[in-house]
Each structure stands twice: as structure tokens, then as C-alpha cells.
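The exercises below are to be worked with the sequence and the model at hand. Each task is followed by a solution in steps.

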Amino acid sequence: MAGIDSEKYKQNAHKAIADPVLQSALTSLQGRLGPATKKLYNTLPEGQELRKIAHQYRRKAIDNLDVLLETLAENIRSHGGQVHFAPSAEDAVEICVRIALENHVRTVVKGKSMVTEEIGLNDGLEQAGIEVTETDLGEYIIQLAGERPTHIVAPAIHKTREQIGELFTEKLGTPYTDDPPTLTQDARRALREKFLTADMGISGCNLACAETGHITTVSNEGNIRMATTLPKLHVAVMGMERIVANLEEQQAILRLMSMGAASQQIGGYVSYVGGPAAPGHSDGPEQFHLIIVDNGRSKILADETFREMLCCIRCGACLNICPVYGKIGGHSYGSAYSGPVGAVVTPLLFGINDASDLCSGESLCGACRQACPLEINLPRMLLALRSKLSEGDPSWQVKPARNQERWLFRCWQFVNGNRTLYNLFYAVARKAQKILPTQDGMIRKLPYPFNGWTSQRNMQPLAPKTFMQRWQEKQEGKK
Amino acid sequence: MKHTPPVTLFVQCIIDTIYPDVAEAMVKVLEDLNIQVSCPTSQTCCGQPAFNSGHRQVAKAAACKFIDLFEEAEIIISPSGSCVNMVRHHYPELFADDPEMQKRAIKVGAKTYEFTQYLVDVLQAEDVGARFARKVTYHASCHLNRFLGVDRQPRALLSHIREMELIEMKDADRCCGFGGTFAVKYSDISEAILKEKVDNILQTGAEVVTGCDMGCLMNIQGMLSRINASVEVKHIAQLLAER
Ligand code: SF4
């Protein structure tokens, strides 16, 4: 599903908050993973310092991206693989569809990959008449249900086992059960069929290593390993920023990524893929293609303010701690990327005006940065996005939004600039507040545009005198 | 005895206009420690709401005013972690393209302290002689805790209040959902987050909830009052001023 649907952020959030199933799923996810990841960081033999060092590794890679990508491409070609650069989402989809059609591919098995969600690869393949099956259990469930992932690592947490049971009965024809191991077996059987008959396997890439010329995939179900070795064709799709210079840096980051993603020391299956099966080898695909996707990343790279975002490894740790994500879930963001990472990356990739609520709808508590294995400063970038929205920025094609708010703040600036005016303003407001409804001395209903405050909250009224007035009177009394 | 420089008060706008008792309490604590206190009464808001909403030009105007007004002060004290974070961390950022102003901003920021940070880190005063015979729980505000790294200080001060029982709430450092204009613009989300905070507060059975930022406390008080909960909301300065 390419494109975004972020305009309904508020409505979707409202719905999500009222959904008790989702609420308990989110609470349990955050209760489990948030603290567990934090604990794991404390066990790092290198100490927490490693997070800063790993951030530097990523940063260095981003700063040298052109050279590293060239090196990666050369090395992969030397192993017999083919490398394609895709400037846009459409280009990437077209390249992949072309490879499939040239090889008469009818069925595809896929490992979980965020970038393929971003570019809408499944739709593209299906339009070309190719059957695509997601093989990560969570992705498989939401594919059957025709939904979007609600978490970038745990896509189906919003579904109960009863719902999954019904879904499987309807789509797979298996007898109804809500027993998780049985459901997993049902999925396994259905997927096994697909793996064995698929003409092509598609994977993402967690992190490529330039020096050795390979990509890595990480999973806990072993499905990606099957999807990338059983079919005769393997196509890997990677965002062009997912690369580091050498193996040493790569392994440090993969460990941190596993901690962030699943509170593990390292993912269950880590595969290193550098090309097709070597001549004379019986295992592995006949062809290996790597599609390196730009799709807006060059633009991020060119802007020093947001370049840090390219360091992100999409581990999802920031979702597991964010108080906003913890209430509204992934669907509210209307994008493949949800949570704090989505709030920054979705506007940058898909348009700041179109995703304006994503930039503004956070409390700026900073928990995401603290939880991020690489300590990416998401709050700083959220603030920068907001300033683009409020003041406009032709270089990002941002039109100033929120004219009413800007007008209010301009008036406020005028009043705030002069204490006499400020006092006068508050004197009037103190009089005006008397007409507002109260509950035990607290204001129960504020007028527009502040009414949001009082839907479930009261407000302490303005004091009879400001502290400055009191202070002045005290000083005069002393004289 | 070594000379303790006089302090200049930087009073968060909502304390100035809505909760002046908090600033009074802070003055009392400081004066009881024989600190000379001054307060420029022409001060207004530091510009944080504008900055957080992306209106940087508006915030810049507030920052210029603040810097002009406080530049001469030896030490600046504020009873609000998020306002100190604004001055320390965001003012220099606002003047990224104006090295002269940026230098001034950094200098002002370096001498701006949050109240408990000043007491504990600068004065080394953890026991200010307070007595408060109530059950209290502490909310660790986000900007104070994460952006200023101040958590040990308020807790040290609380641990020295006589007769007070401190009951730790679940997830004390989780956001209360305030977020400035966020609370108004995205009130559904803000309230959902706040509800969790309020539940955690009620769970402790504390009579009073305290913290170092009236923004968060105003938010918490708003919901406690709406649901007729009897828990009182007090800024830490108010507890430290109790005798
Ligand atoms: S921002 Fe950090 S925590 Fe969030 S997905 Fe990216 S790397 Fe993971």
C-alpha cells in the first residue's frame, strides 16, 4: 500500500482509544518490550556507550553513502548478483515486476519488509497478476485480513486469537480454534505449500555491509531464510540508507537492533546474503537481485536538519515506549511507518503538509529518544517539522499551515512583548472567566479554541493577582 | 562562609498568572536559606508554547526579551523544568544563524537553573527544614527528567522532608499527556495518556501528588478535579516551604 492516509489521524486516534481490544494489546506490548529493552541496554558488555558509538557508525555511513553504495554494488556484482537503483517507489515496483515477468513468475513468497510496504510492492505485483504471500506470521494474518500493520515489528498485535481463528477458518478453511499453537500450525502448513511452490522470494534488508558486499535479514520465524533460499529467484529490496561500512560495525548495530526490536541479544535467524548460489552449489537461488530504493531519501540526506533520520534502523523500540503510540496504535498514523519514527519519517517521505498531524500530534516527552538503540533525536526533528509547517519552507514544498494559530501567536507575541499590555490582557481575562461554568471553583468549560482542554479536565482559574503584582506590592511595602 | 550570590527569579507564566502561591513558596524556601532574591517584574512568557508549535519567529521575540532582561543576573532560578529546558537548550538553537545572539543565549542558559537543581547541585542543600505530615507521590516530568537530567535532586529533597511518606507510583517517569498546546489540539490523545497517569496516582493512595512543573501538575489537577478525586496537587516548592 503505497501512499499515506494520515489526514484522519485525529478521528482514527479517537476510534483507537475507544477500542478495548487494541488498548489492552498496546498496554501489554509496551509493558513487555519497553522495560525489557531498557534492561538489556544495561547488560551491554561495552556499556551504554555502544549506543553512541553505533550512532556514529550509522552517521558515518550516511555521510559516505555514495561511496558505500558503490562498493556494495560492486561487491554484489562480483558475487554474481544484480544491483538496481530505483529513484522512486514506482521505479522500484516496476523493476521488481519486470524481473518477475521476465522469469515467468506466478507466485511470490515474501519476508517481512517495511520498505516494500512503503513503496506498495504487493499491489504492484498483484496488478501484474502475480500472487504474493507474506510469510511472517503477523504479516500473513494482516494480509489475509486486508489490513495495514499496526506495529512496524509486530504487525498483527491488534488482532485477538479469536479473530485470527475466525479469519483462518474463513480464508484457509481450517476448523475453528483459538489455540495459538494450533493456529500457528495451520499457518505453517499453508505457508509451507507456498514456500515449496513459489517462483520468487522477496525480502527486505536490515542492514547491508559495504565491505563484504552482502545484505542481512533478521527474523525469529526462519521464514525469511526459507523465502530467500527455496525459490530460484531472490529479490531483496533495501532503502538506500540501510548500509554500514564493515562487518564489525554491522554486528554492533544488529545486536542493538535486536534489543530494540524484540528485547533479544540477537534475532533468532540472521542471514547474510551476498549473491546467488555459487556455481556447483546446490543451495540458494539461481538469481539474486538487489533493488536499492531512494524514494525521497536523497532529499533527507541533503538537509542537515533531518539527515539524522537516515540513521534509523526501523527497530520499533520507540513505538514500544511512546505514550501516544501506546494509546492510538499504528493504524492512526495512516502510513506503513507508525509511532515516533513514523511521525518523523512519514512527513519527510510523503509530504509534510499531507502528514501535518503526524508532526504535531505528540507530547514531546522524549521517551523515544531514550529508548532508541541509537539515541536518534526524534523530538528535535519533530520540532523542526513543526516549524516548517508553521512558517512554510519552499525547499520542502511546505505551505504554511494553521493560519488561525499563527494569527493567535502573533497577537500573543505583541502582548507578551510588553508587561503593561500583558497585565491588561490578564485583567480582562480574569473578569471574563467569571462567566465560565465551574465545578468546586475550577473552570469546567473553556471557550473555543481552548475547549479541548476541558472535555475531561477542569482548569484552575486565573489568580486574583499575578505573582509579579504581589512581588511589587511586597517590595513597595518594604520601602 | 563562602558568598552565595543573589538569585533572580524566572517565574513560569502559568505560575505567575494561575499559581502565584508556588512562586511565593519558592521565595520562602530561598529566603529561609538566606539567599537574596530579586525578581524583574516586567518578565513574561519564555516563548515555549510558540516554539513547540513551530512558530519560531514568535519564540525568538520572546527569547530576545528574556535575554535582554536576564543577561545581568548572576544566577537565574525557575520553578519549571520545561522553561529551563527552553532557555538552556532551545534558545541557542533559535539563534543558529546569529552567532552574536547565540553567544548571549548560551551564556544566559548556562546560569539558568531549575529550582531543585539549584538547591541540590549548587547549594548542596538537600534538607531545607521542611515538615509535611502527608502521603505524597512524585511525578517525574519529562523535560525535567529527560532533557535536563534532573531526577535525583527533587527526590533527594523529598526524602528529607520530615514526617512525609513518599509512595512511588507506577511509571512515575511516563508522560502525563500535557505537551503544551498538544493537550488542547489533540485532547483525546492527551486525555487518554493523562487517564493512565491519574490511575497510577490514585493507585498509590497518596493524598498529595507533587512535581517540579506546574504544566504537568495543572494537567493532572484538571482531571483529578473533574472526577472529584480528593488528591491534592502541589508543586515541590510548596512542600519544601511547609514547616
Ligand atoms: S527511531 Fe530509533 S527506535 Fe525508532 S525505529 Fe528508528 S532506530 Fe528504532
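**Exercise 1. The lining of the largest cavity**

Determine how the lining of the largest cavity divides by residue class, and which helices contribute to it.

Solution. In this predicted model, begin with the classes: the lining of the largest cavity comprises ten nonpolar, two polar and one charged residues. Next, take the individual residues. The lining holds 13 residues, and those nearest the centre of the cavity are A:Cys322, A:Glu362, A:Leu364, A:Cys365 and A:Cys368. Glu counts as charged and Cys and Leu as nonpolar, so the charged member of the lining is A:Glu362. Then assign secondary structure: in chain A, α18 (367-371) and α19 (378-391) each supply at least two residues of this lining. Finally, the volume of this cavity is about 120 Å³, and the structure holds four cavities of 30 Å³ or more.

**Exercise 2. The second largest cavity**

State the volume of the second largest cavity, and identify which residues lie closest to its centre.

Solution. The volume is about 90 Å³. Of the 13 lining residues, A:Cys312, A:Cys315, A:Cys318, A:Cys372 and A:Ile376 are the closest to the centre. By class, the lining of the second largest cavity has eleven nonpolar residues, one polar and one charged.

**Exercise 3. The interface of chains A and B**

Describe the contact between chain A and chain B by residues, by area and by polar interactions.

Solution. First, count the residues: 69 of chain A are in contact with 69 of chain B. Second, consider the area. The size of an interface is often given as the accessible area lost when the parts come together. Here about 5900 Å² is buried between the two chains, and carbon and sulfur atoms give 58% of that area. Third, turn to the polar interactions. There are 42 residue pairs in polar contact between chain A and chain B, both residues being at pLDDT 80 or more. On the side of chain A that touches chain B, 29 residues are nonpolar, 22 polar and 18 charged. Salt bridges between chain A and chain B number six. One salt bridge joins the side chains of A:Arg419 and B:Asp16, at 2.8 Å from N to O.

**Exercise 4. A salt bridge between helices**

Explain why the salt bridge of A:Lys60 and A:Glu249 ties together parts that are apart in sequence.

Solution. Over all chains, the structure has 45 salt bridges. In one of them, the side chains of A:Lys60 and A:Glu249 meet at 2.7 Å, N to O. A:Lys60 belongs to helix α3 (residues 49-63) of chain A and A:Glu249 to helix α12 (residues 247-262) of chain A, so the pair links parts 189 residues apart in sequence.

**Exercise 5. Backbone geometry**

Locate the cis peptide bond that joins A:Tyr448 and A:Pro449, and the positive phi of A:His104.

Solution. Start from the general expectation: most residues other than glycine have a negative phi, and most peptide bonds are trans. The bond between A:Tyr448 and A:Pro449 is cis, with omega about 5°. A:Pro449 sits in the loop between β12 (442-443) and α22 (467-478) of chain A. A:His104, although not a glycine, has a positive phi of about 55°. The loop that contains A:His104 runs between α5 (89-102) and β2 (107-110) of chain A.

**Exercise 6. The surroundings of A:Ala190**

Place A:Ala190 in its helix, and identify its contacts beyond four places in sequence.

Solution. A:Ala190 lies in helix α10 (residues 180-197) of chain A. Neighbours within four places in sequence aside, A:Ala190 is in contact with A:Tyr140 and A:Leu172. Between A:Ala190 and A:Val398 the separation is 208 residues in sequence and 47 Å in space, C-alpha to C-alpha.

Methods
Residues numbered from 1 in each chain as written. Chains lettered and ligands numbered in written order. Predicted model: local features only at pLDDT ≥ 70, side-chain atom pairs only at ≥ 80, totals over all residues. Heavy atoms only, no water. 1 Å grid on protein atoms, 1.4 Å probe; cavity = no way out; pocket = protein on both sides within 12 Å on 5 of 7 lines; lining within 4 Å. Points joined across faces, edges and corners; volume = space filled by probe spheres on them. Helix = DSSP H or I, 4+ residues; strand = E, 2+ residues; numbered from the N terminus. Contact = heavy atoms within 4.5 Å. Buried area = accessible area lost by both parts, 1.4 Å probe. Salt bridge = Lys/Arg side-chain N within 4 Å of Asp/Glu carboxyl O. Polar contact = N/O pair within 3.5 Å; in protein donor to acceptor, adjacent residues only side chain to side chain.
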